[in-house]
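This report examines a single protein chain, with attention to its strand pairing and its charged side chains. The sequence and the coordinates are shown first.

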Amino acid sequence: MSRPKPNPTMNQRIITAADFTADRPWGALNIAAFAGNTTVRLHWSDQPYRWHTNDGEEVFAVLDGAVEMRWREHGSEHRARLNAGDIFHAQNGCEHVAHPIGEARMLVIEKAGSI
């Protein structure tokens, strides 16, 4: 299937997630910012992130590879394997960490400035 060619006079771009590699784990390509308070970023990593709690909700979609998502709820730690096409929605206050299984590419939508 052929892809449409970007028209340089239009404000558009096509990003092939599988081709994106950052210069460091969790490096990101900024894709969009909505009203200055919500960001859409493509991340690449082959290393775990760190346990954190976002200031707001987060939508985490695996685009390429696989990720073991871990989260804590009511004093218990939970784990789920996310494959390409899977989405994790972290509510405000959800402590979580992502562990890529090998290289992975993830689309993250969250409040601007979240960790």
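How many of the six residues of β8 are buried? In this predicted model, five of them are, and the strand is accordingly described as mostly covered.

**Overall composition**

The protein chain contains nine strands and zero helices. Read from the N terminus, its elements therefore follow the pattern β-β-β-β-β-β-β-β-β, strands being DSSP runs of at least two residues. Along the principal axes, the C-alpha atoms occupy a box of roughly 55 × 30 × 25 Å. Of the 115 residues, 33% count as buried. The accessible surface amounts to about 7200 Å², and carbon and sulfur atoms contribute 50% of that area. Among contacts with a separation of 6 or more, 62% involve residues 24 or more positions apart.

**The four-stranded sheet**

Strand β8 belongs to an open sheet of four strands, ordered β3-β8-β5-β6 and paired in the antiparallel sense. Strands β3 and β6 (76-83) form the edges; each has a single partner strand, so one side of each lacks a neighbour in the sheet.

The pairings can be followed across the sheet from one edge to the other. Strand β3 (residues 52-53) is joined to β8 by two bridges, and in this pairing H52 stands opposite H96 in β8. Strands β8 and β5 run antiparallel over six bridges, with E68 opposite H99 in β8. Strands β5 and β6 are likewise antiparallel, over eight bridges. On this side E68 stands opposite R81 in β6.

**Salt bridges**

Side chains of opposite charge can pair when their charged atoms come close. A search of the whole structure finds seven salt bridges. Three of them are listed below, with the distance between the closest nitrogen and oxygen atoms.

| Positive residue | Negative residue | N to O distance |
|---|---|---|
| R70 | E68 | 2.6 Å |
| R72 | E95 | 2.9 Å |
| R79 | E77 | 3.4 Å |

The bridge between R72 and E95 connects two strands of the sheet: R72 lies in β5 (residues 66-73) and E95 in β8 (residues 95-100), so the pair ties together parts that are 23 residues apart in sequence. Both partners are partly exposed, R72 at 36% relative accessibility and E95 at 26%.

In the pair formed by R70 and E68, the two residues fall into separate accessibility classes. R70 has a relative accessibility of 18% and counts as buried, because the cut-off lies at 20%. E68, at 22%, is partly exposed.

The third listed bridge joins E77 to R79, and E77 is partly exposed with a relative accessible area of 39%. Through salt bridges that share partners, E68, R70, E77 and R79 form one network.

**Charge distribution**

The protein chain carries 12 positive and 14 negative charges, and the mean positions of the two sets are 5 Å apart.

**Where the descriptions meet**

E68 appears in both parts of this account. This residue stands opposite H99 in β8 and opposite R81 in β6, and its side chain forms a salt bridge with R70. Strand β8, mostly covered, pairs with β3 and with β5, and it also contains E95, the partner of R72.

Notes. Residues are numbered from 1 along each chain as its sequence is written. This is a predicted model: local features need pLDDT of at least 70, side-chain atom pairs count only at pLDDT 80 or more; totals for chains, interfaces and linings use all residues. Side-chain values use heavy atoms; hydrogens and water are left out. Buried means under 20% relative accessible area, exposed over 50%, partly exposed in between (1.4 Å probe, protein chains only). Contact means heavy atoms within 4.5 Å. Accessible areas come from the Shrake-Rupley method with a 1.4 Å probe; for residues, only the protein chains shown count as cover. Lys and Arg count as positive and Asp and Glu as negative; His and the chain ends are not counted. The place of a charge is taken as NZ of Lys, CZ of Arg, CG of Asp or CD of Glu. A salt bridge is a side-chain nitrogen of Lys or Arg within 4 Å of a carboxyl oxygen of Asp or Glu. Two strands pair if DSSP finds at least two bridges between them.
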